[in-house]
Amino acid sequence: MIKRKVLILLIGLMGATLLHAQTESKIIINEDLQLTQIQDSIFIHKSWSHTESFGRVSANGLIVIRNGQAIMIDTPWNKEMTKQLIEFIEDSLNVQFVKFIAGHYHEDCIGGLDYLQTRGIETIANSLTVKKCKEDKLYVPSTSFVDSLIIDFNGLKLECRFLGGGHTFDNITVWIPNEQLLFGGCLIKSSDSRTLGYIGEAVLEDWDFTVKKVMEQYENIEVVIPGHGNYGGAELLSHTIELLEKHRNK
């Protein structure tokens, strides 16, 4: 009886270990593109590009899969990477992309927007982002919202919300309450960030107030995906505010 109980316990521990490994497994698509599975059907996509100011930089986006369909939040840096990512996921996981959400108007969010539109995928953005894309003669998302948009994605709720300026004047967050997961995008800095990064178009006077609004809006945050760097927990929001205070006191 004791041996049987020990065997059952070992099997249970092995199952838990395998599940943990599975939910944080990494898939290398190529040297500039990879996926990290953080929950059963939620992946961070990470892509790299060379920038003049910061050299080789990675950027994060999110992919949520539900009942054979997928939503992408932010594209990789360009059209070709976006094409590679979507084709890899559709072929490997047998899913179809149906929606896209843009975090803001920079290339690390909408660099592959033109490819998505050739595929007939609905592309969603804050109305401020849509207006900026038109002004700058960029590809323009097909669907816009003001302040907030609730998406029912096959029974899973996603809350897109504009709470104020920060990294840019139009940056939004996406909250998945069932998973207590916040996609903060470039509004939120990773724990290993020591500066605010690119602030050429930042709304510095509002940034920390916007992050505080996010903290008030979502009290039970467990997972936070920043626009760049490693994901973490709610401490990333406090870290971002600290970086802003440090920047002001220089």
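This report looks at the cysteines and the enclosed space in a predicted model.

Let's start with the sulfur atoms. Searching the whole structure turns up zero disulfides. A disulfide needs two cysteine sulfur atoms within 2.5 Å, and the sulfur of Cys 109 has its closest cysteine sulfur, that of Cys 186, 5.1 Å away, so the gap is too far for a bond. Seen from Cys 186, the closest cysteine sulfur is the one in Cys 109, again at 5.1 Å and too far for a bond. Both residues can be set side by side:

| Cysteine | Closest cysteine sulfur | Sulfur distance | Relative accessible area |
|---|---|---|---|
| Cys 109 | Cys 186 | 5.1 Å | 0%, buried |
| Cys 186 | Cys 109 | 5.1 Å | 8%, buried |

Cys 109 and Cys 186 also turn up together elsewhere, as both belong to the lining of the largest cavity. Rolling a probe the size of a water molecule over the atoms shows where empty space is left. Here, the search of the whole structure finds one cavity of 30 Å³ or more, and the largest cavity holds about 40 Å³ of space.

Which residues line the largest cavity? Alongside the two cysteines, the lining takes in Asp 74, Gly 103, His 104, Asn 171, Ile 172, Phe 183, Gly 184, Gly 185 and Leu 187. Strand β12, spanning residues 181-185, gives the largest share of that lining, with three residues. By residue class, the lining of the largest cavity is made up of five nonpolar, five polar and one charged.

Conventions. Residues numbered from 1 in each chain as written. Predicted model: local features only at pLDDT ≥ 70, side-chain atom pairs only at ≥ 80, totals over all residues. Heavy atoms only, no water. Buried < 20%, exposed > 50% of the residue type's maximum accessible area, 1.4 Å probe, protein only. 1 Å grid on protein atoms, 1.4 Å probe; cavity = no way out; pocket = protein on both sides within 12 Å on 5 of 7 lines; lining within 4 Å. Points joined across faces, edges and corners; volume = space filled by probe spheres on them. Helix = DSSP H or I, 4+ residues; strand = E, 2+ residues; numbered from the N terminus. Nonpolar A, V, L, I, M, F, W, Y, C, P; charged D, E, K, R; others polar.
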